[in-house]
Amino acid sequence: MNESDNQHGIAAVVGNVYYNGTIFYSHRYYDGSLSPNGYHRTLQEVAAKHSLESHLTGGHFQLRRRIFELGITGTFMLFSPPISRPKELYKKFSFSGKELWNTGADYKVILRKTILFGEAAVSVVPETSQESETSSKDKRHPVGVGVLQGCILDLDPRSKLAALFRYYSRNFASLNGSGFSSGNGSGEIGIYIAADFVTGQKTSLQFNFDGYEYQWLRFRVDKPCGGFDSGCKLHLNLSRYLSMQFQYQYYRGAQNANISDYYTSTTDYDKHKIHCLIHCNPTDWIQLKTEVDYLLNAGETNGHKQG
């Protein structure tokens, strides 16, 4: 189990190098919500301690061969009392209810210099487990879908190219998953592309681009919108003991802008980040690191914030 997320429980693994199966069970208490702060300083925080209980059980089966891998996963979560539906409009499709079923299949295939991999998953929130006071019109669709599909290409010994497509429906819920996403893993479609080049004996260059589109509102963004994140990184091995990294990242998204006291619209939001890292390792037991970051934000009024 993932103890870093307080998922304490029991698990059993059976198999060999060609196939294996895992089953697990976990029991956990939350402090009032699925995202507790962990503090118990006030009467309200003390009252919320261990007020939400969850049971998690499931299994995973994997088949391995020389050029491919295939896996199937299934989990079931039970909450007591049921998770209440958030009041915020941008959380309309967030998970709420008593039960959550997740099932998925993943694969990896090696074809000469190409690696294909992917995963497809389905989340099911039974309508009978959703809040009884929620009207049939406002109830979320019980089935959500998530898809990942990627590939890695060895163009030549000095260059690699990777691409990853993702799709998460608005009502897709995976509380214990960690799928590739620029947000919270629901209501998103996007593609990520990265390239890695060895430009010399002591230098390498990396590029990345991530473009995405949200299908619903988000925090401080009152309409569906998109954005992208791109950048490059230069790595220098100056000597056996000294290395340097220079990285530039550019991000464009959207945020609310107050047009007047009664009207709010959205505007583009730009962010530039420059990162420099110097790593010196004069001996086996001494390591020296220096990092410098420069951040430039361009907001809704074309103003700038530097840091």
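Student: Is Arg166 buried or exposed in this model?
Tutor: In this predicted model, Arg166 is buried, and its relative accessible area comes to 0%.

Student: Which residue does Arg166 form a salt bridge with?
Tutor: The partner of Arg166 is Glu188, and the closest N and O atoms of the two are 2.7 Å apart. The pair links distant parts of the chain, since Arg166 sits in strand 8 (residues 159–168) while Glu188 belongs to strand 9 (residues 188–198), 22 residues apart.

Student: And Glu188, buried or exposed?
Tutor: Glu188 counts as buried, because its relative accessibility is 0%, which is under the 20% cut-off.

Student: OK, what about Arg252, which residue does that one pair with?
Tutor: Arg252 forms a salt bridge with Asp270, where the closest N and O atoms lie 2.7 Å apart. Arg252 is in strand 12 (residues 242–258) and Asp270 in strand 13 (residues 264–283), so this salt bridge ties together parts that are 18 residues apart in sequence. Asp270 counts as buried at 14% relative accessibility, whereas Arg252, at 28%, counts as partly exposed.

Student: Which residues are joined into one network by salt bridges that share partners?
Tutor: Arg166, Glu188 and Asp210 are joined in that way.

Student: Switching topic, what does Glu45 form a salt bridge with?
Tutor: Glu45 forms one with Arg41, and their closest N and O atoms are 2.8 Å apart. Glu45 is buried, with a relative accessible area of 15%, whereas Arg41 is exposed, with a relative accessible area of 59%.

Student: How many salt bridges does the structure hold?
Tutor: The structure holds six salt bridges, among them the one between Glu45 and Arg41.

Notes
Residues are numbered from 1 along each chain as its sequence is written. This is a predicted model: local features need pLDDT of at least 70, side-chain atom pairs count only at pLDDT 80 or more; totals for chains, interfaces and linings use all residues. Side-chain values use heavy atoms; hydrogens and water are left out. A salt bridge is a side-chain nitrogen of Lys or Arg within 4 Å of a carboxyl oxygen of Asp or Glu. Buried means under 20% relative accessible area, exposed over 50%, partly exposed in between (1.4 Å probe, protein chains only). Helices (H or I, at least four residues) and strands (E, at least two) are DSSP runs, numbered from the N terminus.
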